[in-house]
Amino acid sequence: YFMKKKIIYLTRISLILIMFISFHDTAMCQDMTSSKIIELPQGSKLVLDSTINITDSISVKIINGICTMLPSVQKLIPLDNVTINLGINSQYVLPVWGVGGRTIRDDNGERVDFYYDPKHPNFKVEYIIRSLVHEFHHVCRFRMPDFQISLLEGMISEGLADHFMIEVLHCEITPFSSSLTEE
């Protein structure tokens, strides 16, 4: 029993050290542990809700994934001063993947609200990263002068965001973007 507890304790310490080393070496992120705000490049920030334990392995993978991916996105589109609110919630996720997000534009600018359910049978950290790249494209489109959403614009924006995700991450197309045939 004591040996098992000691292993768990050492594993957690190792994960914390890896997380801080990864922030410094790969993405130059600064962790604000007490407030659960992680400063990201170009004035952006990741805000973690109170249900997220930043020392668990899933959280470490998510945070490292975001910090690694964001500079690749920022090389291609003007993405600065974006707040990503990240939370665990099973109600606001796509049943297919166990993740879900939306881009919101308000008086304070644009933000991405994103949720995931680590207990969902299809959940993968990869789906968070893919979906965030998709949402970042929406942020860029929302910032266009005189942007107005319509059904046609919504369809075009979703397709462009999925293709941007493929360009950045070199991943396969989502089932949502390939569900229709030419017929």
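User: Which side chain does the side chain of Thr 55 make a polar contact with?

Analyst: Happy to help, and keep in mind that this is a predicted model. Thr 55 sits in the loop between strand 3 (45-48) and helix 2 (57-76). From there, its side chain makes a polar contact, at 2.6 Å, with the side chain of Asn 53.

User: Is Thr 55 buried or exposed?

Analyst: Let's look at the relative accessibility of Thr 55, which is 18%. Buried means under 20% relative accessible area. Because its value is 18%, Thr 55 counts as buried.

User: What is the relative accessible area of Ser 157?

Analyst: Good one to try next! Ser 157 belongs to helix 4, which covers residues 151-169. Ser 157 is buried, because its relative accessible area is 4%.

User: Which side chain is joined to that of Ser 157 by a polar contact?

Analyst: Start with the contacts of Ser 157, leaving aside neighbours within four places in sequence: they are His 138, Arg 141 and Phe 147. A polar contact of 3.4 Å joins the side chain of Ser 157 to that of Arg 141.

User: At roughly what angle do the axes of helix 2 and helix 4 cross?

Analyst: Met 69, Ser 72, Val 73 and Leu 76 in helix 2 meet Phe 164, Glu 167, Val 168 and Leu 169 in helix 4. Those residues divide into 6 nonpolar, 1 polar and 1 charged. The crossing is right-handed. The two axes come within 10 Å, and they cross at roughly 115 degrees.

Conventions:
Residues numbered from 1 in each chain as written. Predicted model: local features only at pLDDT ≥ 70, side-chain atom pairs only at ≥ 80, totals over all residues. Heavy atoms only, no water. Helix = DSSP H or I, 4+ residues; strand = E, 2+ residues; numbered from the N terminus. Buried < 20%, exposed > 50% of the residue type's maximum accessible area, 1.4 Å probe, protein only. Polar contact = N/O pair within 3.5 Å; in protein donor to acceptor, adjacent residues only side chain to side chain. Contact = heavy atoms within 4.5 Å. Axes fitted to C-alpha atoms, helices over the stretch in contact; angles between N-to-C directions. Left-handed = near helix turned anticlockwise from the far one by under 90°. Nonpolar A, V, L, I, M, F, W, Y, C, P; charged D, E, K, R; others polar.
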